[in-house]
Amino acid sequence: MCDKYKKTLAQILLRWHTQKWPKMYAVIPKSSTLARVSENMNFTDFQLSDDEMKHINSLDKHQRCCDSAEFWNIPLFE
């Protein structure tokens, strides 16, 4: 997909995210370099096909590498 659209992996994933949930979630890409911030914002000039969306969706293994509440030591219930 990166070669097909001439986009970075980050741009492909940003496009996937905004296509999948267009008005439900905010996408806030993070970067410490100005060039990468600018690059990340350039993902709205293409659309992923239904098959490409399904392919990316199929990569989800329903696993987490970190539970945010546990990571930050936040009690879930008080």
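## A walk from K6 to V37

At 71% relative accessibility, K6 counts as exposed, because the cut-off for that label is over 50%. Keep in mind as you look around that this is a predicted model. You will find K6 in the loop between α1 (2-5) and α2. Its backbone deserves a glance too: the phi angle of K6 is near 55 degrees, a positive value in a residue other than glycine. Most residues other than glycine have a negative phi.

Moving on from that loop, let us stop at T18, which sits in helix α2, spanning residues 9-20. The side chain of T18 reaches the backbone oxygen of R15, at 3.1 Å. What does T18 touch once its neighbours within four places in sequence are left aside? Its contacts are then V27 and F43. The pairing with F43 is a nice one to trace on screen: 25 residues separate T18 and F43 in sequence, while their C-alpha atoms lie 9.6 Å apart in space.

Our last stop is helix α3, made of residues 34-40, where V37 is found. Is V37 buried, partly exposed or exposed? With a relative accessible area of 34%, V37 is partly exposed, because that value falls between the 20% limit for buried and the 50% limit for exposed. V37 also belongs to a nonpolar surface patch, which it makes together with L34 and M41. The patch covers about 320 Å². To see it for yourself, colour L34, V37 and M41 on the surface view.

Key
Residues are numbered from 1 along each chain as its sequence is written. This is a predicted model: local features need pLDDT of at least 70, side-chain atom pairs count only at pLDDT 80 or more; totals for chains, interfaces and linings use all residues. Side-chain values use heavy atoms; hydrogens and water are left out. Patches are made of residues with over 30% relative accessible area and no salt bridge: like charges are joined within 9 Å, nonpolar side chains (Val, Leu, Ile, Met, Phe, Trp, Tyr) within 5 Å. Accessible areas come from the Shrake-Rupley method with a 1.4 Å probe; for residues, only the protein chains shown count as cover. A salt bridge is a side-chain nitrogen of Lys or Arg within 4 Å of a carboxyl oxygen of Asp or Glu. Helices (H or I, at least four residues) and strands (E, at least two) are DSSP runs, numbered from the N terminus. Buried means under 20% relative accessible area, exposed over 50%, partly exposed in between (1.4 Å probe, protein chains only). Contact means heavy atoms within 4.5 Å. A polar contact is a pair of N or O atoms within 3.5 Å; within protein, one must be able to donate a hydrogen and the other to accept it, and residues adjacent in sequence count only if both atoms are side-chain atoms.
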